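Q: Please take a close look at aromatic pairing in this one, and at the parts that go with it. I'd like one connected walk-through, with cut-offs spelled out.

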Amino acid sequence: MSITRHILRLGLLGLGLGVAIFAYTKVMARTGSGTPPPMAEAHQQADEILVIKSTRALHLLRDGETIRSYDISLGAAPEGHKQSEGDERTPEGRYEIDWRNPNSIAHLSLHISYPNAADQAAAKAAARDPGGNIMIHGLPNGWGALGALHLMLDWTDGCIAVTNAEMREIWSLVPDGTPITIAEAL
């Protein structure tokens, strides 16, 4: 068999695999995250979240003390503050967890209240859409087995990603209204 035929077969195999992965991801995105865990007792819950982008860490705090820490992935272009839709940056600033989605395309998700008034004003002044729908979430539905391998690169569109097991814990420990500070460094 000629080298050209081998290359053609490998190319077709790769294309077929790519189509299969794309289709699997699209189907799994519609399945939802399953039943979310119950909320932890109030005295166990975090009263603040701190995200440090430079160290790729999310800390749950209670009374100023860290009660849990998680390694995270960020937006695919993590440097600097999010300025517009599609820039793949994770915002920086002070926000709050304002709602949660048990049927997310990623395993559970907590919505971060970006854009705030300052973000909206800056985007308007630059004639840009500030974007939105920034979440803390697990892995895309159907891809949970990747676990901590997701930490090898920043891959989200601006969200903060953890493993599915970590997301279940965060979900139970973070009530709506919890303030979140996202900073490049401390």
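A: Here is the walk-through, starting with the rings and moving outward.

This is a predicted model, so local features need pLDDT of at least 70 and side-chain atom pairs count only at pLDDT 80 or more, while totals for chains, interfaces and linings use all residues. Residues are numbered from 1 along each chain as its sequence is written, and side-chain values use heavy atoms, with hydrogens and water left out.

Search the whole structure and you get one aromatic pair. The ring centres of Tyr95 and Tyr114 sit 6.0 Å apart with the planes at 70 degrees, so the pair is edge-to-face. (Rings of Phe, Tyr and Trp, the last by its six-membered ring, pair if their centres lie within 6.5 Å; planes under 30 degrees apart are stacked, over 60 edge-to-face, the rest tilted.) The two partners are 19 residues apart: Tyr95 belongs to strand 4 (residues 93-101), Tyr114 to the loop between strand 5 (109-112) and helix 2 (117-125). Helices (H or I, at least four residues) and strands (E, at least two) are DSSP runs numbered from the N terminus. Tyr95 is buried at 5% relative accessible area, and Tyr114 is buried too, at 3%; buried means under 20%, exposed over 50%, partly exposed in between, with a 1.4 Å probe and protein chains only.

Tyr95 also touches Thr178, which sits in the loop between helix 3 and strand 8 (179-183). Contact here means heavy atoms within 4.5 Å. Leaving aside neighbours within four places in sequence, the contacts of Thr178 also include Glu96, Ile97 and Ile49. Thr178 is buried, at 3% relative accessibility. Its side chain reaches the backbone oxygen of Pro175 at 2.6 Å.

Past Tyr114, Asn116 caps the N-terminal end of helix 2, with a side-chain oxygen 3.1 Å from the backbone nitrogen of Ala118. After helix 2 comes Ala127, whose phi is positive, near 55 degrees.

Now zoom out to the sheet. Eight strands form an open, mixed sheet in the order 3-2-1-8-4-5-6-7, and two strands pair if DSSP finds at least two bridges between them. The edges are strand 3 (65-71) and strand 7 (160-161), each pairing on one side only. Strand 5 pairs with strand 6 (residues 135-137) in the antiparallel sense over three bridges, and Ser109 stands opposite His137 in strand 6.

Conventions:
A polar contact is a pair of N or O atoms within 3.5 Å; within protein, one must be able to donate a hydrogen and the other to accept it, and residues adjacent in sequence count only if both atoms are side-chain atoms.
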